[in-house]
Amino acid sequence: MESSNDVACSNLPRLLSSFVDTFVDYSVSGLFLPPPPNPNPTRNPNPNDHSHSSALQTTYPTPDRLVAVGDLHGDLQKSKQAFRLAGLIDTSDRWSGGSATVVQVGDVLDRGGDELNILYFLEKLKREAAKVGGTIITMNGNHEIMNLDGDFRYVTKSALDEFRNWANWYGIGNVLKSLCDGLEKPKDPFDGLPLDFPGVKPEFFNGIRTRIAALRPDGPIARRFLSKNLTVVVVGESVFVHGGLLPKHVVYGLQRINEEVRDWISGFRERVSNELVRGRNSVVWLRKYSDELAKNCDCSTLEHVLATIPGVKRMIMGHTIQESGINGACDNRAIRIDVGMSKGCINGLPEVLEINGNSELRVLTSNTLYSKSYESPLQGNQKDGLGLLIPQHLPNQLEAKA
């Protein structure tokens, strides 16, 4: 019969691994992550057999309160302002949104230097929200896919520095784990990567190499954070997607899209179709419904798509910056929520979309001008076909303190 000491000793490797992970997380992000409420079930490594793979939830019921947050692009300060606008976090950045459901439509990566900090911040909020009945859904944008593909055109120097810092602490954690006989030897994330890159300045070699290691499919950051993202999600009467959906995407299957992209990011699938995630007509790149002039939007195609998704009345998307703020087109069936808030974009004032039940749509904004002079310029532009959030009426703008 095992003594209590034997049991304690057998648990040491697992406890040590957990301690090291917590130590690394805090060193990288300055955050202590709460324990996950529902640990992920074991994944089946055979990509051709989904019979025992963990199910993804692609459809959610109508929540009492739904908040949609646009592209964040590496700007932690603006990200927190957006969440604070909607009363989702308190002054200590802890979840205060109760049972609300939040959808962040992707593009956390690129253009700014706080990418990992935002990923950790969202993960912390996911766990805090889950404890009180709240839900945070994160999504893939085209910039997540680009980085998984090793396309770093929009990466900043500060972002490379942030990933180098992560790699240093992650490496220390792996060394500590390798000292324990009861733990499996950690996989080297740099395995198979070159030491230099043609066309890249030598001082960036290490940063580029680190970013590839972290973000390639099955890389530590890709697997831990990006594999949890959805590519399309239905919440109540709204379908969310980063770019947009075409009829062929709906025919392909929304659940199938999510699972194939997830399995590719996790390393269980060698590739994912370009029609889903690459090219101008893919789910994360499409702009057919995002032109700021409503007359340029393909409303007939949008109507066809919405008619083929049961119960859905509107599509909510990011990807294309709306300099006039969050707005709607196609009789309010297309809602565009990317306001370019990151300093790496147009440094736009934070705004978020709020839906109470299935009906009332409101824009929560930090722009004090809206409460004073928002009415006349938008009314003046109505004849030019500027997309409005509420047909023939002004958007219901609420001023909030950021």
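Biologist: How far is the sulfur of Cys-297 from the closest cysteine sulfur, and in which residue does that sulfur lie?

Modeller: In this predicted model, a disulfide requires two cysteine sulfur atoms within 2.5 Å. The sulfur of Cys-297 is too far from its closest counterpart for a bond. The separation is 5.0 Å, and the closest sulfur belongs to Cys-330.

Biologist: Which cysteines does the disulfide join?

Modeller: A disulfide is a covalent bond between the sulfur atoms of two cysteines. One disulfide is found in a search of the whole structure. Its sulfur atoms stand 2.0 Å apart, and the residues joined are Cys-299 and Cys-330.

Biologist: Where in the chain do the two cysteines of this pair lie, and how many residues apart are they?

Modeller: The pair links distant parts of the chain. Cys-299 belongs to helix 11, whereas Cys-330 sits in the loop between strand 8 and strand 9. Their separation along the chain is 31 residues.

Biologist: Is the disulfide of Cys-299 and Cys-330 left-handed or right-handed?

Modeller: The handedness follows from the torsion about the S-S bond. For Cys-299 and Cys-330 that torsion is about -80°, so the disulfide is left-handed.

Biologist: Is Cys-330 buried or exposed?

Modeller: A residue counts as buried under 20% relative accessible area. Cys-299, with 27% relative accessibility, is therefore partly exposed. Cys-330 has a relative accessibility of 8%, so this residue is buried.

Biologist: Which strands stand at the edges of the open sheet of six strands?

Modeller: The strand order in this sheet is 1-5-6-7-9-8, with mixed pairing. An edge strand has a single partner strand, so one of its sides is left without a neighbour in the sheet. The strands in that position are strand 1 (59-60) and strand 8 (327-329).

Biologist: In which sense do strand 6 and strand 7 pair, and which residue is the bridge partner of Val-241?

Modeller: Strand 6 (residues 238-241) and strand 7 (residues 314-317) are joined over four bridges, in the parallel sense. Helix 11 (residues 299-307) lies across both of these strands and strand 9, at about 110° to strand 7. In strand 7, the bridge partner of Val-241 is Met-317.

Biologist: Which helix gives the largest share of the largest nonpolar core?

Modeller: The largest nonpolar core has 104 residues, and Phe-83, Phe-240, Leu-245 and Met-315 have the most contacts inside it. Eight residues make up the largest share of this core, and they come from helix 3 (residues 115-131).

Biologist: Which residue of strand 7 does Phe-240 touch?

Modeller: Residues up to four places away in sequence are not counted here. Phe-240 touches residues including Leu-66, Val-103 and Met-139. Strand 7 covers residues 314-317, and the contact of Phe-240 in that range is Ile-316.

Key. Residues numbered from 1 in each chain as written. Predicted model: local features only at pLDDT ≥ 70, side-chain atom pairs only at ≥ 80, totals over all residues. Heavy atoms only, no water. Pairing = 2+ DSSP bridges. Contact = heavy atoms within 4.5 Å. Axes fitted to C-alpha atoms, helices over the stretch in contact; angles between N-to-C directions. Buried < 20%, exposed > 50% of the residue type's maximum accessible area, 1.4 Å probe, protein only. Core = buried A, V, L, I, M, F, W, Y, C linked by side-chain atoms within 4.5 Å.
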